[in-house]
Structure formats: C-alpha cells, structure tokens
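Thank you all for coming; I would like to take a few minutes to walk through a structure that will be new to some of you. Please have a look at the sequence and the model before I begin.

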Amino acid sequence: KLEQLKEVYNFKEETFDKIKGELKVDTGLVKKVNINFSDITELKQHPYCRYENAKKIVDYRSLKGNYRSVNQLLEDSVIKAEVYFKLKPYLTVVQE
C-alpha cells in the first residue's frame, strides 16, 4: 500500500501528501513467502515478521501439518490480527 511509505523513518506526512498522486504500487512485483516451506530464518527477514511470529508460524505447521490457506494464520489464532493483516499480502500457500 502507498501508506507504507509513512513507516519509513523520517518520511514526513507532508512529503507523502505531495507525491502520493504520482506513485503507483505494482503488487505483481511483491515476492511472496510460502508459509508451507519457509523456515524461521526466511520468515523473520520480512520487516513485519519478528522472530516470535516466525516461530509461531513454523511451530504450528510442524504440529498441525501444512497450511490450507494464509487465512488459517488468523482463523486459528497463530498470530495476532494486527500482524496478520500487515503480513498477508506477502504470504502464500503453495502445496508442492
């Protein structure tokens, strides 16, 4: 989302307001992490996924088996909703 620019350290709201009309987000360029095959190290590299959440995702998968969908993280309370909604666009479930 364009609003994520506001999370950049020292990025001013006024600057965002001036340039937002010129910006575009191409979601097709987002590299998604497959939660069925990623390990803690890969997951925690994402800025929205701290070690604790990466561990919860992997531990749950180890206990219950592969995820059927990314939504399962929220439905089964694997991670908090706040974290889930930030991470969701960057996650995928591919059964290989």
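I will talk about the pockets, then one histidine, and then the salt bridges.

Before anything else, please keep in mind that what you see is a predicted model.

Let me begin with the open spaces, since rolling a probe the size of a water molecule over the atoms shows where empty space is left. The largest pocket holds about 390 Å³ of space, and 13 residues line it, with Lys1, Gln4, Lys86, Pro89 and Tyr90 lying nearest its centre. If we sort that lining by character, we find six nonpolar residues, two polar ones and five charged ones.

The second largest pocket has a volume of about 170 Å³, and its lining is made up of Lys31, Val33, Glu42, Gln45, His46, Pro47, Tyr48 and Tyr90. Here the division is four nonpolar, two polar and two charged residues. You may have noticed Tyr90 already, as this residue is listed in the lining of the second largest pocket and is also among those nearest the centre of the largest one.

Now let me turn to His46, which belongs to the lining of the second largest pocket and sits in the loop between helix H2, residues 40–44, and helix H3, residues 51–64. Is His46 buried or exposed? His46 counts as buried, because its relative accessibility is 16% and the cut-off for buried is under 20%. Leaving aside residues up to four places away in sequence, His46 touches Leu87 and Tyr90.

My last topic is charge pairing, and in general side chains of opposite charge can pair when their charged atoms come close. How many salt bridges does the model contain? The count comes to three, and I will take them in turn.

In one of them, Lys6 pairs with Glu13, with the closest N and O atoms 3.3 Å apart; Lys6 is partly exposed at 35% relative accessibility, and Glu13 is partly exposed at 40%.

In another, Asp17 pairs with Lys20 at 3.8 Å between the closest N and O atoms, where Asp17 is partly exposed at 40% and Lys20 is partly exposed, also with 40% relative accessible area.

The remaining one joins the side chains of Asp59 and Lys55 at 2.7 Å, N to O. These two residues are separated by about one helical turn, because they are four residues apart in helix H3. Asp59 is partly exposed at 36%, and Lys55 is partly exposed at 33%.

Definitions and conventions:
Residues are numbered from 1 along each chain as its sequence is written. This is a predicted model: local features need pLDDT of at least 70, side-chain atom pairs count only at pLDDT 80 or more; totals for chains, interfaces and linings use all residues. Side-chain values use heavy atoms; hydrogens and water are left out. Buried means under 20% relative accessible area, exposed over 50%, partly exposed in between (1.4 Å probe, protein chains only). Contact means heavy atoms within 4.5 Å. On a 1 Å grid over the protein atoms alone, a cavity is a set of points where a 1.4 Å probe fits but cannot get out, and a pocket is an open set with protein on both sides within 12 Å along at least five of seven lines; lining residues have an atom within 4 Å of a point. Grid points are joined across faces, edges and corners, and a volume is the space filled by probe spheres set on the points. Ala, Val, Leu, Ile, Met, Phe, Trp, Tyr, Cys and Pro count as nonpolar, Asp, Glu, Lys and Arg as charged, and the others, Gly among them, as polar. A salt bridge is a side-chain nitrogen of Lys or Arg within 4 Å of a carboxyl oxygen of Asp or Glu.
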